Amino acid sequence: NKEIYATWQVITYNISYNLNGGSISGQKTTYNVEESFTLPTPTKTGHSFAGWTGSNGNTKQTSVTIPKGTINNLSYTANWNTNSYQVDVNPIIDGTTYNSGLSGYTFDVWVNGTLVADDVTDWCQNVAYGSSVRVKTNGVTGRNTSYDKTITVGASNTTLAPSWTTNTYEAHFYLNGSHRL
């Protein structure tokens, strides 16, 4: 009589990630049939994580757990939603800020090269992260302005402050034959 024993070696499988510009830490790159674990949540500046797709299917899942007993190599893709941040334009006239604008002092606003506000006195909108916003002031008689600024929306709210200043004029005249200033 003979007893024969089978010996087994655990197979290691690979896990790959497409982070689409994001970053991750603590992720497993290999696993075996005896492990159960949950994929970590990645991050990306200016974006919210929408979920993983790939070996779990085409439906985005923000939490993916690999159960014990899983076999085969796995592949996952991170999906993102772009966040929006508030851009507030508050005109400054002769050093005074007007949060709601001031009649007659207008400016134009472009988002990603498209004019979205023409001759407005106030503007405050949520704009997608990474978008460009341009604000250019319009002239006012007796006022000086040359504000023309373009920003890229970052991962925080932004305030732009176009400004106008009163022009100063020097008058010369003669009174009873004397030059006056």
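In the predicted model, the charged end of Lys-28 is placed over the ring of Phe-37, at 5.5 Å from the ring centre. Lys-28 also takes part in a salt bridge with Glu-35, in which the closest N and O atoms are 2.9 Å apart. Both partners of this bridge fall in the intermediate class of accessibility: Lys-28 is partly exposed, with a relative accessible area of 28%, and Glu-35 is partly exposed at 24%. Val-33 is found in the loop that joins strand S2 (30-32) to strand S3 (37-38). With a relative accessible area of 32%, Val-33 is partly exposed, and together with Val-10 and Ile-71 it makes up a nonpolar surface patch of about 210 Å² of accessible area. Membership of such a patch requires over 30% relative accessible area, so Val-33, at 32%, meets this condition.

A second contact between a charge and a ring involves Arg-134, which lies over the face of Trp-110 at 4.4 Å from the ring centre. Arg-134 is also bound in a salt bridge to Asp-148, with 2.8 Å between the closest N and O atoms. Because Asp-148 belongs to strand S16 (residues 148-152) and Arg-134 to strand S14 (residues 132-137), this pair ties together parts of the chain that are 14 residues apart in sequence. Arg-134 is partly exposed, its relative accessible area being 27%, and Asp-148 likewise counts as partly exposed, at 41% relative accessibility.

The whole structure contains three salt bridges. Besides Glu-35 with Lys-28 and Asp-148 with Arg-134, a salt bridge joins the side chains of Arg-143 and Asp-94, with an N to O distance of 2.5 Å. This pair links distant parts of the chain, 49 residues apart: Arg-143 is in strand S15 (residues 143-144), whereas Asp-94 is in the loop between strand S9 (92-93) and strand S10 (96-97). The relative accessible area of Arg-143 is 23%, which places this residue among the partly exposed ones. Asp-94 counts as partly exposed too, at 41%.

Eight aromatic pairs are present in the structure. One of them is formed by Trp-52 and Tyr-76, whose rings are arranged edge-to-face, with 6.3 Å from centre to centre and 70 degrees between the planes. Trp-52 is part of strand S4 (residues 47-54) and Tyr-76 is part of strand S7 (residues 74-82), so the pair connects parts that are 24 residues apart in sequence. Trp-52 and Tyr-76 are both buried. The two residues also belong to one aromatic cluster, whose other members are Tyr-17, Phe-49 and Trp-80.

As regards the overall fold, the protein has 20 strands and zero helices. Its radius of gyration is 31 Å, well over the 16 Å that the globule rule gives for 181 residues, and the protein is therefore more spread out than a compact globule. Along the principal axes, the C-alpha atoms fill a box of roughly 140 × 25 × 25 Å. Of the 181 residues, 33% count as buried; Trp-52 and Tyr-76 are among the buried residues.

Key. Residues are numbered from 1 along each chain as its sequence is written. This is a predicted model: local features need pLDDT of at least 70, side-chain atom pairs count only at pLDDT 80 or more; totals for chains, interfaces and linings use all residues. Side-chain values use heavy atoms; hydrogens and water are left out. Patches are made of residues with over 30% relative accessible area and no salt bridge: like charges are joined within 9 Å, nonpolar side chains (Val, Leu, Ile, Met, Phe, Trp, Tyr) within 5 Å. Accessible areas come from the Shrake-Rupley method with a 1.4 Å probe; for residues, only the protein chains shown count as cover. A salt bridge is a side-chain nitrogen of Lys or Arg within 4 Å of a carboxyl oxygen of Asp or Glu. Helices (H or I, at least four residues) and strands (E, at least two) are DSSP runs, numbered from the N terminus. Buried means under 20% relative accessible area, exposed over 50%, partly exposed in between (1.4 Å probe, protein chains only). Rings of Phe, Tyr and Trp (its six-membered ring) pair if their centres lie within 6.5 Å; planes under 30 degrees apart count as stacked, over 60 as edge-to-face and the rest as tilted. A charge sits over a ring if NZ of Lys or CZ of Arg is within 6 Å of the ring centre and within 35 degrees of the ring normal. The radius of gyration is taken over C-alpha atoms; the globule rule is 2.2 Å times the number of residues to the power 0.38.
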